[in-house]
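Visitor: I would like a close look at a single part of this model, starting from one residue and working outward. Please keep to what can be computed from the atoms.

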Amino acid sequence: MSAGGLPRVPEPPPLSSLGAADWDVLVVGAGPAGAVAAALIAGARLRVLLVDRTPFPRAKVCGGCLNRRAVAALRNTGCWPCVAALEPAPYTSLRVGFRGKEAVLPAPEGAVVTREALDTALAAWAVEAGAVFAHGVRAEVHAPSRDCREAALGRGAERVAVRARIIIDAGGLMSSLEAKGGARSAVTAGSRVGAGVILRDHGSLDSAPNAIHMAVAERGYVGLARAEAGHLNAAAALDPAYIKARGGLGPAAAAIVNAAGFSAVAGLEEGSWTGAPALTRRGGPLTGPRLFRLGDAAGYVEPFTGEGMAWALEAAEALAPLAAKAAARWDAGHEARWRAWHRRRIRPHQRLCRLIALALRSPTCTSAALRAVTVCPALAAPILAYINGPSPGETHAAA
Ligand SMILES: Cc1cc2nc3c(=O)[nH]c(=O)nc-3n(C[C@H](O)[C@H](O)[C@H](O)COP(=O)(O)OP(=O)(O)OC[C@H]3O[C@@H](n4cnc5c(N)ncnc54)[C@H](O)[C@@H]3O)c2cc1C
């Protein structure tokens, strides 16, 4: 651990040294999808280069809730101990508020950890598994040749060309591989934008201490959850026009918490909020010659159900064996297998998440749903079970 309590990631290697090597796999993006894929593939003794355009440690707008599926994927891939060492805060219920009414629903146990800590731990784990991690380095992918795919890596004005047998695009919501890698991702009309803040060493919220608190209003929603080390992690999806009308991210989030009927949260309005891009978008194509996409780079919907990291981690677990085979010998069947896995395992969850996000935009639907689950909490159980499934122990593989 470093002095700040975060795991240590090594200094990035000199850029010029990266062009000399012949890489099996270049992984672009060191969020949960990229870091775990890199660790698993490096663990299979392939030469893996993991790059991220932001110097680490870095924060990321996110509620930080690892649901049961995400925790199961972390356990399956063997990296749970390094996450557990961060002492994430457990949660066991979901508290939803709308127009002064609220419901507290039991939720399958999950854990909350800030992304600053989580992503640093996962990147450190990838390095331990044998991946080379170049952070503060931006990648741009070029057209494939017969036996490899080339990319340009850049840090400031410095540039270097690298070759890899395959490239994994785990570049997240704004994967900038789009620029040269083919089709662009497209923002869905009416999409909300993301925002987040970590309130450090924060006191408890006044009720349901082991809950994820979701304040819902017509113009967006705010999630609040206790994370490691007494931090309070806040994340929101907000209408851009509402942010403007309220005069900023903090005031808009505080107004939503108030409209939902929750008590004011100290420091929320004046906290140093960070914005994220439009949330709902179709990703670029899932595959290309010697290219796989996963995590948010493969398309994303609003984060109300808090599943993004579960999708990213399960995809990393599933892609790793396929990517190892594809690096050894490329054929187009690998692309078909990845698309089929994604269609089967991720798409249905994205559809449900989109449906819930849409329903929440209707005050009538939101009020009716809240009334229904207040009277009969069991009504929410199948949806929560689906979102948080599969049962512990189930593994994923696309190969
Ligand atoms: C407001 C909000 C709240 C959320 N809350 C939750 C939650 O509670 N639980 C949950 O599970 N999910 C949540 N999510 C979703 C979750 O944050 C994402 O689904 C998850 O981060 C996806 O991981 P990833 O690895 O695909 O991408 P990311 O975590 O976005 O990582 C992508 C990385 O790629 C890097 N990168 C991009 N382009 C390049 C390039 N060209 N070269 C080099 N590096 C590049 C970026 O710097 C970044 O570090 C939330 C999202 C938002 C916006």
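In which loop, between which strand and which helix, is Glu307 found? Please go on from there to what surrounds that residue.

Guide: The model is a predicted one. In it, Glu307 sits in the loop that runs between strand S19 (299-300) and helix H9 (308-328). Its relative accessibility is 2%, so Glu307 counts as buried, the cut-off for that class being under 20%. Setting aside neighbours within four places in sequence, the residues in contact with Glu307 are Asn67, Arg69, His349, Cys353 and Ile387. These contacts can be followed one by one.

Asn67 and Arg69 lead to helix H3. At the start of H3, a side-chain oxygen of Asn67 comes within 3.0 Å of the backbone nitrogen of Arg69. H3 is mostly covered, with seven of its ten residues buried. Arg69, itself a contact of Glu307, is one of the buried residues of H3. The others in that list are Ala70, Val71, Ala72, Ala73, Leu74 and Thr77. Just after H3 comes Gly78, with a positive phi of about 90 degrees.

Ile387 leads to helix H13 (residues 381-388), where the buried residues are Leu384, Ile387 and Asn388. Viewed down the axis of H13, these buried residues fall within an arc of 90 degrees, so they line one face of the helix. The buried residues of H13 pack against helix H3 (68-77) and helix H11 (347-359), as well as against strand S4 (89-98) and strand S5 (101-112).

Helix H9, which bounds the loop of Glu307 on one side, leads to the ligand. The largest share of the shell around the ligand comes from H9, which gives three residues. There are 38 residues around the ligand, and those that come nearest are Asp52, Gly63, Arg115, Asp296 and Met309. By class, this shell is made up of 19 nonpolar, eleven polar and eight charged residues.

Several polar contacts can be listed here. A polar side-chain atom of Arg58 is 2.9 Å from an oxygen atom of the ligand. In the side chain of Arg115, an N or O atom lies 2.7 Å from an oxygen atom of the ligand. From the backbone, a polar atom of Cys65 is 2.9 Å from a nitrogen atom of the ligand. The ligand taken alone exposes 1000 Å², and the protein buries 96% of that. Two or more residues of the shell are given by each of helix H2 (32-43), strand S2 (48-52), strand S7 (138-144), strand S14 (232-238) and H9.

Some backbone details remain. Pro57 lies in the loop between S2 and strand S3 (65-66), and the peptide bond from Phe56 to Pro57 is cis, with omega near -5 degrees. In the loop between H2 and S2 is Arg45, a residue other than glycine whose phi is positive, near 70 degrees. Arg45 is exposed, with a relative accessible area of 78%. Arg290 is also a residue other than glycine with a positive phi, near 60 degrees. Arg290 lies in the loop between strand S17 (287-288) and strand S18 (291-293), and at 9% relative accessibility Arg290 counts as buried.

Note on methods: Residues numbered from 1 in each chain as written. Predicted model: local features only at pLDDT ≥ 70, side-chain atom pairs only at ≥ 80, totals over all residues. Heavy atoms only, no water. Helix = DSSP H or I, 4+ residues; strand = E, 2+ residues; numbered from the N terminus. Buried < 20%, exposed > 50% of the residue type's maximum accessible area, 1.4 Å probe, protein only. Contact = heavy atoms within 4.5 Å. Arc of directions from axis to C-beta. Near = heavy atom within 4 Å. Polar contact = N/O pair within 3.5 Å; in protein donor to acceptor, adjacent residues only side chain to side chain. Areas by Shrake-Rupley, 256 points an atom, 1.4 Å probe, with all protein chains shown as cover. Nonpolar A, V, L, I, M, F, W, Y, C, P; charged D, E, K, R; others polar.
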